[in-house]
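User: Got a minute to walk me through this model? I'd like to talk about the sheet and any internal space.

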Amino acid sequence: MSESLQDRVRRTLAQEVRSEVAGYARMLGEEAGASAVLFYGSNLRTGSLEGVLDFYVLLPGPQRERIWPRVSYCERPFEGHILRAKIATMSLDKFAQAATGRSRDTTIWTRFVQPSALAWAKDEPSRSAVEDAIGHAARTAARFAAVLGPERARAKDYWQALFQATYRAEFRVEKPGREDSILSVNAEHFDGLLPLAWDAEGVPIERGPDDTLKPGMGDRRRAKIMKAWRARQRLGKPLNILRLAKATTTFEGAARYGAWKLERHTGIALEVTPFREKHPLLAMPGAAWELWRKRRRSG
């Protein structure tokens with residue numbers, strides 16, 4: 001029997017992660033009273049504990065905040081390592097809704113059509129709900145890729161067109177060719193994913209020479225999906241600017257995260273004072289002055 005999209009999603013989410021990551025995810029989930037914790041990003045691929053680990057903590061119940069997710073930074077010793085984590089927190093219900101494409105958000109299904117691992121789940125119903133949401137993220141991404149990509153092309157060309165369009169819509173500053181690096185480093189993940197997602201969406205596929213594909217989508221359905229995309233395209237930048245503005249005031253641990261990143265890239269350590277911890281925006285001029293003096297002395 002051939003693999004279905006949900007078989008693929010279940011297998012991907014069940015991939016093994018380092019014991020430190022699994023333990024950290026459990027800690028985050030239990031402290032937050034969460035339903036599940038997803039782990040994603042470059043550290044999932046490399047298995048490294050260096051840098052910043054990326055987690056989505058998914059809570060039970062309705063979404064409390066209108067602008068989501070809430071972002072925080074956590075840095076603490078864990079099993080003999082200093083682990084640093086960027087944590088996005090939102091409700092599982094809102095995450096699942098965003099994954100289906102019913103909301104105007106593009107970030108969830110764009111992010112989670114890419115690889116992720118279910119690092120911790122409270123119970124089997126929570127696990128199943130996350131699996132369903134990730135399956136819908138793949139279906140939503142494939143649906144938009146069908147209308148944003150060429151009429152006939154290789155799967156890679158459809159994914160490239162999708163990521164290019166979402167980067168423009170989300171007001172993200174990405175280097176040219178970023179979509180190529182995503183696809184190349186995650187080639188195994190994306191191999192065969194598009195036909196599975198189109199099949200789950202009820203989109204017939206016409207296969208041609210040289211591994212080309214053509215989605216069999218009628219004009220009315222194509223026009224409806226393109227109309228939905230244009231609505232998301234119009235709202236993408238304002239929505240993400242709102243999220244960035246919110247993050248400047250709600251990013252817990254922002255000062256520590258900024259200081260760590262600065263030292264990592266420049267070798268210059270800035271003291272994170274209680275004032276800088278509590279008021280990162282107000283502290284920026286003083287921190288910039290201290291950085292200028294230290295760079296001048298070291299230069």
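Analyst: Sure, here's the sheet, then the helices on it, then the cavity. It's a predicted model, where local features need pLDDT of at least 70, side-chain atom pairs count only at pLDDT 80 or more, and totals for chains, interfaces and linings use all residues. Residues are numbered from 1 along each chain as its sequence is written, and side-chain values use heavy atoms, with hydrogens and water left out.

User: In what order do the strands sit in the sheet?

Analyst: The open, mixed sheet runs β3-β4-β2-β1-β5. Strands are DSSP E runs of at least two residues, helices H or I runs of at least four, numbered from the N terminus; two strands pair if DSSP finds at least two bridges between them.

User: Which strands stand at the edges?

Analyst: β3 (70–78) and β5 (116–121); each has a single partner strand, so one side of each lacks a neighbour in the sheet.

User: And β2 with β4, parallel or antiparallel?

Analyst: Parallel, over 8 bridges, between residues 52–59 and 81–91. V52 has R84 in β4 as its bridge partner.

User: What does helix α4 touch?

Analyst: Helix α4 (residues 92–100) packs on the sheet against β1 (36–40), β2 and β4. Contact here means heavy atoms within 4.5 Å.

User: New topic: how many residues line the largest cavity?

Analyst: 13, with V9, T12, F112, I134 and H189 nearest its centre. A cavity is a set of points on a 1 Å grid over the protein atoms alone where a 1.4 Å probe fits but cannot get out, and lining residues have an atom within 4 Å of a point.

User: Which element gives the most to that lining?

Analyst: α1, with 4 residues.

Terms used. Axes are lines fitted to C-alpha atoms, for helices over the stretch in contact, and angles run from 0 to 180 degrees between N-to-C directions. On a 1 Å grid over the protein atoms alone, a cavity is a set of points where a 1.4 Å probe fits but cannot get out, and a pocket is an open set with protein on both sides within 12 Å along at least five of seven lines; lining residues have an atom within 4 Å of a point.
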